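Here's a walk through one model, taken piece by piece. Have the structure open while you read.

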Amino acid sequence: MERYVCIHSHFYQPPRENPWLEQIELQDSAYPYHDWNERITAECYAPNAVSRIIDQAGKIANIVNNYAKISFNFGPTILSWMEEREPDLYRRILEADRESREIFSGHGSAIAQAYNHVILPLANSRDKRTQVIWGARDFESRFGRTPEAMWLPETAVDLESLDLMANEGIRYAILEPHQAHRVRKKGSREWMDVTGGRIDPKLPYKLRLPSGRTIAVFFYDGPVSRAVAFEGLLNNGEVFANRILGAFTDSRSGRYQFVHIATDGESYGHHHVHGEMALSYALHHIESNRLARITNYGEFLERYPPTHEVEIYENTSWSCAHGIERWNSNCGCNSGGHPGWNQEWRRPLREALDWLRGALSSVFEERGGSLLRDPWGARDDYIGVLLDRSKESRERFFGKHAARELTGEEESVALKLLELQRHAMLMYTSCGWFFDELSGLETTQVIQYAGRAIQLARELDREGIEERFLSLLESAKSNVPEHRDGRHIYEKFVRPAMVDLSKVGAHYAVSSLFESYPDQAEIYCYRVDREDYLLLPSGKKRLALGRATITSNITQESVRVTFGVLHFGDHNVSGGIRLFQGEEAYKALVGEITEVFKGADFPEVIRAVDRNFGAEVYSLKLLFRDEQRKILEMILAANMADVDAVYRQLHMQNAPLIRFLTDIGYPVAKSFHVAAELVLNGALRRSFEADTPDITEIRGILYEAEMEKVTLDGAGLGYTLRKTIEKMMRRFQETPEDTGLLAHIDAAVEMGNALPFEVIFWKTQNIYWEMLLSVFPEYRSRAGQGDEKAGEWVRLFAALGAKLSVRLPEG
């Protein structure tokens, strides 16, 4: 009897992009990373592409790409982020799918996902259709083939969604055992009830759909999957493998047995540290010992088509015991972290969004009907523009869908209508309801998408939508008294985040005081074409005046603006912006303000700016978050140099006393401790940031910190040293003959291993492994022929490998 194993991983992150900027802004909660996508990528997605197999001595014996041997799906929203921000990882994932086709009889291991993780049974028919089409088209553009399957978000299922998937050529879906209702053998009239998860998960099943189409369904092994997610099964790769193998039964008859599991992919590294290594070891253990054949669903389905039919329970999911109510009501499902809270806000939030969707659909149909042959058909096809926003792509789109030849302004209106619909779907992303609180990051994010859709409707001359939406949102009550309700959250977190072209221009004007821009600059999803710019200094004060055209790369809408900004030093910035009113008016404005500024009459400069630009004043507060942080760090760096000098002097004068007091157990004054922490952490950070860290200097600082019992910023310092060593390693990869650099890397890694906090050498190990396979053989060969320099290189390289816990090949 053939034994088959398949492991499916659902990799997903909600869309976190600022709806107005189309980029993820800095998230301090992800420290030391920029944002949660970056952090989870470092902890999970990237490690699974270069996962370690460890030998009995704890050394890295092999590095493998887990994605090539498992079934997996990535949500389109995380893949689009990855393509831009982590291109090497993105490439490895696509390569893994190509490799899996060679391993699994032409069947790729990647499967598609409904576009932005909407709970499909709660969506209307149009949104279901677009979610399926966009998910499939996005997959095709990335993986270069049509998807065989599509992951249902939260495995939330209904027959209409499955029918739409089958219509797009989807062959199979994956569900949780409790979603099965009854089964029968093909050709039999006798149904057997399998309610309560009693379905046999070792078989594929055929499901008949309302249209007459069919789709295959796999019901994963529930107990083993839960053990992976919640019971610590990933603490040991061999134990993991044995648990999978334990699901086979000797008493079973037939030609095959098929054990397959499905979990959130984040289990392998993010939720469970080094879970990706347990996965790679389990696969290696099963394969190398021929305990079962590793396969994927597509290959297995081709070998063993369904012999049984199934009927399912609609409106069910894998993460809510009440069907799909977790995304609709206060059903009792929550994180468990806030016992006194309720989720009564879920229903009024959905009702408000449902009303908004209807109002936006009316705008879309009314305005879109005169511009697009079939507005809803155009929406389905708009995924092509999302994947490629070039001018040529837009021209192809409008060539196919425009009702007639459109002017530039009409094309901009059509793009706004389509963007309005995109955000009307993004506002239904499932994470908005999954967690406990209305004011949480995920729920605020979906309300921001609603805010962006409302803004677009307002720009299309549809007033009144926002107030009606807010009156409905007011019924959604927060568990946090200060946040009150949905209306208050909108006013507090959404309205201030709204951006228009003038605000982009103001951001450009203010930030131009602190960094140089080219004549054509990209600021997030906007283009700034500078037409004129004047920067005048007067001591610490500076004045910037200019004009520019601001264009949205999304809607192609443009506005021409004039701006003026005055910097008084430090964080004190004041300025304004207005629509360009002609060359003569612009010259008069520049002449008036510069004349006053040259006279150093700064109160009058402020009045002149106010006269020319109106009462709305712009400052550093308006800057987009990342740029604001960067500029504030520049300002603080200058001020902190003086503060650091004071603390260094204080610490230098009192260090001997602090050590003496610490040694005899006498309580040290808090002010002394604060000074020591600031000085020593700062000194270590600067030393770690050096191109080639001074090991002797670092050891001296560490000795001081130990003597004075200073608390070190382990997360931040470890991250800084890690990045520095990675840069050194990349330099060495480019110049492998540099034995001096190799020795420095060896010393830095040795020091990193001895630090009182963890330094992760993951990328350094990856580069080392690549060089072990590509560069090391040549040097070892030369050393074997008596080349002394090559022999020294091999000795140093082997020493570094030992410190990085990498096993060198014998011979």
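Let's start with a sheet: 6 strands form an open one, in the order 7-11-10-14-8-9, with mixed pairing. Strand 7 (172-175) and strand 9 (192-193) sit at the edges with a single partner strand each, so one side of each has no neighbour in the sheet. Helix 5 (residues 159-167) packs on this sheet and touches strand 7, strand 10 (204-208), strand 11 (214-219) and strand 14, its direction making about 115° with that of strand 11.

Some housekeeping before going further. This is a predicted model, where local features need pLDDT of at least 70 and side-chain atom pairs count only at pLDDT 80 or more, while totals for chains, interfaces and linings use all residues. Residues are numbered from 1 along each chain as its sequence is written, and side-chain values use heavy atoms, with hydrogens and water left out. Helices (H or I, at least four residues) and strands (E, at least two) are DSSP runs, numbered from the N terminus. Two strands pair if DSSP finds at least two bridges between them, and contact, or touching, means heavy atoms within 4.5 Å. Axes are lines fitted to C-alpha atoms, for helices over the stretch in contact, and angles run from 0 to 180 degrees between N-to-C directions.

Back in the sheet, strand 8 (residues 180-185) and strand 14 (residues 308-312) run antiparallel and are joined by 5 bridges. Within that pair, Arg 182 has Glu 311 of strand 14 as its bridge partner.

There's also a hairpin to look at. Strand 2 (residues 51-54) pairs with strand 3 (residues 60-64) in the antiparallel sense, over 4 bridges, and Ile 53 stands opposite Asn 62 in strand 3. The hairpin has 5 residues between its strands, and Gly 58 takes a positive phi near 80° there.

How do helix 13 and helix 14 pack? Helix 13 (residues 391-401) meets helix 14 (residues 408-426) at an angle of about 90°, with the axes 12 Å apart. That makes the two roughly perpendicular (65 to 115 degrees; under 35 would be roughly parallel, over 145 roughly antiparallel, and the rest oblique). On the helix 13 side, the contact involves Arg 394, Phe 397 and Phe 398, which meet Glu 411, Ala 414, Leu 415 and Leu 418 in helix 14. The residues of this contact divide into 5 nonpolar, no polar and 2 charged. Here Ala, Val, Leu, Ile, Met, Phe, Trp, Tyr, Cys and Pro count as nonpolar, Asp, Glu, Lys and Arg as charged, and the others, Gly among them, as polar.

Next up is helix 6 (residues 222-230), whose buried residues are Gly 222, Val 224, Ser 225, Ala 227 and Val 228. Buried means under 20% relative accessible area, exposed over 50%, and partly exposed in between (1.4 Å probe, protein chains only). Helix 7 (237-245) and strand 12 (256-264) are included in what covers them. At the N-terminal end, Asp 221 caps helix 6, with a side-chain oxygen 3.0 Å from the backbone nitrogen of Val 224. Just past the helix, Gly 232 takes a positive phi of about 75°.

Two buried helix residues are worth a click. Gln 445 is in helix 16 (residues 441-459) and is buried, at 13% relative accessible area. Leaving out residues up to four places away in sequence, Gln 445 touches Pro 15, Arg 16, Glu 17 and Pro 19. Val 794 belongs to helix 29 (residues 788-803) and is buried too, at 16%. With the same sequence cut, Val 794 touches Phe 776, Tyr 779, Arg 780 and Ala 783.

Finally, the backbone oddities. Most residues other than glycine have a negative phi, and most peptide bonds are trans. Tyr 31 and Pro 32 are joined by a cis peptide bond, with omega about 10°, and Pro 32 lies in the loop between strand 1 (2-11) and helix 1 (36-49). Two non-glycine residues with positive phi are listed here:

| Residue | Phi | Location | Relative accessible area |
|---|---|---|---|
| Glu 22 | about 60° | loop between strand 1 and helix 1 | 25%, partly exposed |
| Ser 805 | near 60° | segment after helix 29 | 29%, partly exposed |

Methods:
Polar contact = N/O pair within 3.5 Å; in protein donor to acceptor, adjacent residues only side chain to side chain.
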